[in-house]
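Hello,

Here is the structure I promised to pass on to you. Please have a look at it first, and then read my notes underneath.

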Amino acid sequence: MTLSEFNLLNEIEARAELFKCCGSTRWSEMVAAKKPFNSISELKIISDVIWNTCVETDWLEAFTHHPKIGDKKSLEQKFAATAEWAANEQSGVNDADKNVIDHLAKGNEEYENKFGYIFIVCASGKTAYEMLDLLNERIRNTQEVELKNAAAEQNKITHLRIDKLFS
């Protein structure tokens with residue numbers, strides 16, 4: 001899809017396309033309401049401004065639209081609409097050995113038990129080992145610090161997905 005084609009979408013269609021980039025209803029509605037965009041850069045700037053006005057419930061909603069790192073089964077089932085994007089983003093786990101995958105699964109479970117949501121990381125370009133190191137580092141954070149980290153990672157993912165939407 002081109003940006004010009006996107007700008008011609010009605011509000012409901014635009015929100016649906018944006019929702020693929022970030023699973024926050026409020027964010028997708030507010031960004032769609034700012035159409036038309038002159039450039040993808042402008043779209044990303046507006047996206048950032050709106051994301052930074054979102055609150056915890058918006059962020060948590062967005063987090064629910066991601067599979068756990070390395071969870072190929074949920075990629076195929078629950079996240080079918082964005083499975084290809086997420087699989088490419090998480091391709092760093094494809095070559096990881098079983099031990100690392102097991103540690104990621106265990107760490108994801110501990111993280112979710114501590115914070116109440118899955119470990120959110122912009123996985124593009126990261127190996128499974130790097131993601132495991134980040135998970136082990138971030139699990140030590142307070143709830144407040146980690147929520148901000150996860151929201152910042154979600155924003156990075158949103159930028160990547162906006163690029164994919166228009167590629």
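Below is what I found, from the whole chain down to single residues.

First of all, please keep in mind that this is a predicted model.

**The chain as a whole**

The secondary structure of the protein chain consists of 10 helices and 0 strands. Reading along the sequence, you will meet the pattern α-α-α-α-α-α-α-α-α-α. The protein chain has 167 residues, and 45% of them count as buried. If you take the contacts between residues at least 6 apart in sequence, 66% of them join residues at least 24 apart. As for the surface, the protein chain exposes about 8600 Å², and carbon and sulfur atoms supply 52% of that area.

**The core**

The largest nonpolar core holds 43 residues, and the members that touch the most other members are Phe-6, Trp-27, Trp-51 and Leu-104. Many helices take part in this core: H1 (3–8), H2 (11–21), H3, H4, H5, H8 (98–115), H9 (128–138) and H10 each supply at least two residues. Which helix gives the most to this core? That is H10, with 6 residues.

**Helix H5**

Helix H5 covers residues 56–63, and its residues Asp-58, Trp-59, Ala-62 and Phe-63 are buried. Why can these be said to lie on the same side of H5? They do because they cover an arc of only 140° around the axis. A general point helps here: an α-helix has 3.6 residues a turn, so residues three or four places apart point the same way. The partners of the buried residues of H5 are helix H3 (25–32), helix H4 (40–53) and helix H10 (143–165), against which they pack.

**Aromatic pairs**

The count of aromatic pairs comes to 8. One of them is stacked: the rings of Phe-6 and Phe-37 have centres 6.3 Å apart and planes at 25°, and under 30 degrees counts as stacked. Phe-6 sits in helix H1 and Phe-37 in the loop between H3 and H4, so this pair, 31 residues apart, links distant parts of the chain. Phe-6 is buried, with a relative accessible area of 0%, and Phe-37 also counts as buried, at 3% relative accessibility.

Phe-63 and Tyr-117 form another aromatic pair, this one tilted, with 5.0 Å from centre to centre and 45° between the planes. Phe-63 belongs to helix H5 and Tyr-117 to the loop between H8 and H9, so the pair ties together parts that are 54 residues apart in sequence. Both Phe-63 and Tyr-117 are buried. These two also belong to one aromatic cluster, together with Tyr-111, Phe-115 and Phe-119.

**Lys-34**

One last residue to look at is Lys-34, which is found in the loop between H3 and H4. Is Lys-34 buried or partly exposed? With a relative accessible area of 48%, Lys-34 is partly exposed. Leaving aside residues up to four places away in sequence, Lys-34 touches Ile-46 and Ile-50. Asn-7 is 27 residues from Lys-34 along the chain, and the C-alpha atoms of the two are separated by 9.8 Å.

I hope these notes help you find your way around.

Best wishes

Definitions and conventions:
Residues numbered from 1 in each chain as written. Predicted model: local features only at pLDDT ≥ 70, side-chain atom pairs only at ≥ 80, totals over all residues. Heavy atoms only, no water. Buried < 20%, exposed > 50% of the residue type's maximum accessible area, 1.4 Å probe, protein only. Helix = DSSP H or I, 4+ residues; strand = E, 2+ residues; numbered from the N terminus. Arc of directions from axis to C-beta. Contact = heavy atoms within 4.5 Å. Areas by Shrake-Rupley, 256 points an atom, 1.4 Å probe, with all protein chains shown as cover. Core = buried A, V, L, I, M, F, W, Y, C linked by side-chain atoms within 4.5 Å. Phe/Tyr/Trp six-rings, centres within 6.5 Å; stacked < 30°, edge-to-face > 60°.
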